[in-house]
Amino acid sequence: MGLRLRKKLLPDTPYLTGQMLIAMPGMSDPRFTRSVIYICAHGPEGAMGLVVNRVFNAVDFVELADQMGLETDASWPHLPVFFGGPVETERGFVLHSTDFIRDGTLVVDDEVALTATLDILRAMGEQRGPRKGLLALGYAGWGPGQLDAEIQANGWLTAPAEPSLLFDPEVEHKWERAIATLGIHPAMLSAEAGHA
């Protein structure tokens, strides 16, 4: 991935690991317009996160598992596959509840973990995986200082992550709901960066 993911974030760091990024109305990058991103890792080396409100309509979980060589059957759930971001879009990641921890799992906080192995896909298909989960292809990545600069340029709002929002399969209004967690109505936001 290029970014070394730490196994557990130390509390009270100045970084945004475990937080949500919410695209501002003036987001200039069309890949992130009205995006909600969960930050899985953020440190001096950069940041990595998954978009949690964009679904690939062309493929679902069972079709993807078949393409990856997993043996599926009629009992496997037809879950959506999310667009996690524009980096390494052929690579799969599962953002999930911490009731499923295996070798290679990154525990982000007490409620959310990230796993990128075939074992978790198999477990999800056989319905013995995590209680809550979201499968994404690709991720959003930032180099050192890049995310901080984008936030200062009025590209993103930050908010505490709420697992009920992250794992909700209803994506159509997730951006508005994420903003509402801050007590803000989207119409109140300006697309312009302000300077005092």
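# Salt bridges, cores and strand pairs

Reader: Is Asp 99 buried, exposed or partly exposed?
Author: In this predicted model, Asp 99 has a relative accessibility of 44%. The partly exposed class lies between 20% and 50%. Asp 99 therefore counts as partly exposed.

Reader: Which side chain meets Asp 99 in a salt bridge?
Author: The N to O distance of the pair is 3.8 Å. The cut-off is 4 Å, so the pair qualifies as a salt bridge. The partner of Asp 99 is Arg 131.

Reader: How many residues apart are Arg 131 and Asp 99?
Author: Arg 131 sits in the loop between helix 2 (118-125) and strand 9 (133-142). Asp 99 belongs to the loop between strand 6 (87-97) and strand 7 (106-107). The pair thus links distant parts of the chain, and the two residues are separated in sequence by 32 residues.

Reader: Is Arg 131 buried or exposed?
Author: Its relative accessible area is 60%. Exposed means over 50%, so the class follows. Arg 131 is exposed.

Reader: What is the distance between the closest N and O atoms of Arg 34 and Glu 176?
Author: These two residues form a salt bridge. Arg 34 lies in the loop between strand 1 (19-23) and strand 2 (36-43), and Glu 176 in helix 5 (residues 174-180). They are 142 residues apart in the chain. Their closest N and O atoms are separated by 2.2 Å.

Reader: What is the relative accessibility of Glu 176?
Author: Its partner Arg 34 is partly exposed, at 38%. Glu 176 also counts as partly exposed. For Glu 176 the value is 24%.

Reader: Which residue forms a salt bridge with Glu 88?
Author: The closest N and O atoms of this pair are 3.6 Å apart. Glu 88 is partly exposed, with a relative accessible area of 27%. Its partner is partly exposed as well, at 28%. That partner is Arg 91.

Reader: How many salt bridges does the count come to?
Author: Asp 168, Glu 170 and Arg 177 are linked in a network of them. The pair Glu 88 and Arg 91 forms one too. The count comes to eight.

Reader: How many residues are in the largest nonpolar core?
Author: Ile 37, Leu 50, Leu 95, Trp 142 and Trp 156 touch the most other members. Beyond its sequence neighbours within four places, Leu 95 is in contact with residues including Tyr 38, Val 52, Val 112, Leu 134 and Phe 167. Another core, of 16 residues, lies apart, with Phe 61 and Leu 121 among its members. For the largest core the number of residues is 41.

Reader: Is Trp 76 buried or exposed?
Author: Trp 76 is found in the loop between helix 1 (61-67) and strand 5. Leaving aside neighbours within four places in sequence, its contacts include Phe 61, Val 62, Leu 70, Leu 121 and Arg 122. Its relative accessible area is 3%. The buried limit is under 20%, so the class follows: Trp 76 is buried.

Reader: What is the C-alpha to C-alpha distance between Trp 76 and Ala 65?
Author: The two are in contact. They stand 11 residues apart in sequence. C-alpha to C-alpha, the distance is 9.7 Å.

Reader: Do strand 5 and strand 9 run parallel or antiparallel?
Author: Strand 4 (residues 55-60) and strand 5 (residues 80-83) run antiparallel, with three bridges. There, Asp 60 has Pro 80 as its bridge partner. Strand 5 is also joined to strand 9 by three bridges, and Phe 82 is partnered with Ala 136 in strand 9. Strand 5 and strand 9 run parallel.

Methods:
Residues are numbered from 1 along each chain as its sequence is written. This is a predicted model: local features need pLDDT of at least 70, side-chain atom pairs count only at pLDDT 80 or more; totals for chains, interfaces and linings use all residues. Side-chain values use heavy atoms; hydrogens and water are left out. A nonpolar core is a set of buried Ala, Val, Leu, Ile, Met, Phe, Trp, Tyr and Cys residues joined through side-chain atoms within 4.5 Å. Buried means under 20% relative accessible area, exposed over 50%, partly exposed in between (1.4 Å probe, protein chains only). Contact means heavy atoms within 4.5 Å. Helices (H or I, at least four residues) and strands (E, at least two) are DSSP runs, numbered from the N terminus. Two strands pair if DSSP finds at least two bridges between them.
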